[in-house]
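Here are a few exercises to work through with the model on your screen. Try each task yourself before you read the solution.

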Amino acid sequence: VIFDTGSGNLILPASDCHLPGCAPHRKYNPKASRSSSFVSNEKGEGSSDITFGTGQVSGDFYRDRLCIGSALCFDANFIAADKMTAEPFREIPFDGIMGLGFKDLSMGDGFNIVDDLA
């Protein structure tokens, strides 16, 4: 993933995304995980559309076990994108976006990885 200080969510391409923006990337498959669950934010939303300066992603909210390295593992909420625009995502060399921005840039309570680590 690439680190982004201008967003507050972890976004990963989903296994059910077959659009050109997702095609070259490794994907998150919730069916392959025993700890995966579909979640909603405090507004009752279970999905979102996010527009960046150069592209757009859409996807569902999930919670699963996230490990950074082998020693740091925790449960995290994130977006599994089932739609990613071809530009710029088809050409970029990373498989997702890890938002490091403030909590108010995330989809809601529990969606900010930085807060989860604190």
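Before we start, one term: helices and strands here are DSSP runs, with at least four residues for a helix and at least two for a strand, numbered from the N terminus. Keep in mind that this is a predicted model.

**Exercise 1. Place Asp95 in the chain, and work out whether Asp95 is buried or exposed.**

Step 1: Look along the sequence. Helix H1 covers 86–89 and strand E7 covers 97–99, and Asp95 sits in the loop between them.

Step 2: Check the accessibility. Buried means under 20% relative accessible area. Asp95 has 17%, so Asp95 counts as buried.

**Exercise 2. Find the partners of the Asp95 side chain.**

Step 1: Start with His25. Its side chain makes a polar contact with that of Asp95, at 3.2 Å.

Step 2: Move on to Arg26, whose side chain is joined to the Asp95 side chain by a polar contact of 2.8 Å.

Step 3: Now list what Asp95 touches, skipping residues up to four places away in sequence. You should get Val1, Leu12, Pro13, His25 and Arg26.

**Exercise 3. Track down the cis peptide bond that involves Pro88.**

Step 1: Go to helix H1, where Pro88 lies.

Step 2: Look at the bond that joins Glu87 and Pro88. That's the cis one, with omega at about 5°.

**Exercise 4. Describe the surroundings of Ser106.**

Step 1: Find the loop between E7 and helix H2 (113–117); Ser106 is in there.

Step 2: Apply the burial cut-off again, under 20%. Ser106 comes in at 12% relative accessibility and therefore counts as buried.

Step 3: Check the side chain. One of its polar atoms lies 2.7 Å from the backbone oxygen of Lys103.

Step 4: Leave aside neighbours within four places in sequence, and you'll find Ser106 in contact with Gly8, Asn9, Phe111 and Asn112.

**Exercise 5. Step back and sum up the whole chain.**

Step 1: Count the elements: 2 helices and 7 strands. Along the sequence they follow the pattern β-β-β-β-β-β-α-β-α.

Step 2: Compare the radius of gyration with the globule rule. A compact globule of 118 residues would be near 13 Å, and the chain has 13 Å, so the two agree.

Step 3: Ask how much is tucked away. Of the 118 residues, 43% count as buried.

Step 4: Take the contacts with a separation of 6 or more. Residues 24 or more positions apart account for 64% of them.

Methods:
Residues are numbered from 1 along each chain as its sequence is written. This is a predicted model: local features need pLDDT of at least 70, side-chain atom pairs count only at pLDDT 80 or more; totals for chains, interfaces and linings use all residues. Side-chain values use heavy atoms; hydrogens and water are left out. Buried means under 20% relative accessible area, exposed over 50%, partly exposed in between (1.4 Å probe, protein chains only). A polar contact is a pair of N or O atoms within 3.5 Å; within protein, one must be able to donate a hydrogen and the other to accept it, and residues adjacent in sequence count only if both atoms are side-chain atoms. Contact means heavy atoms within 4.5 Å. The radius of gyration is taken over C-alpha atoms; the globule rule is 2.2 Å times the number of residues to the power 0.38.
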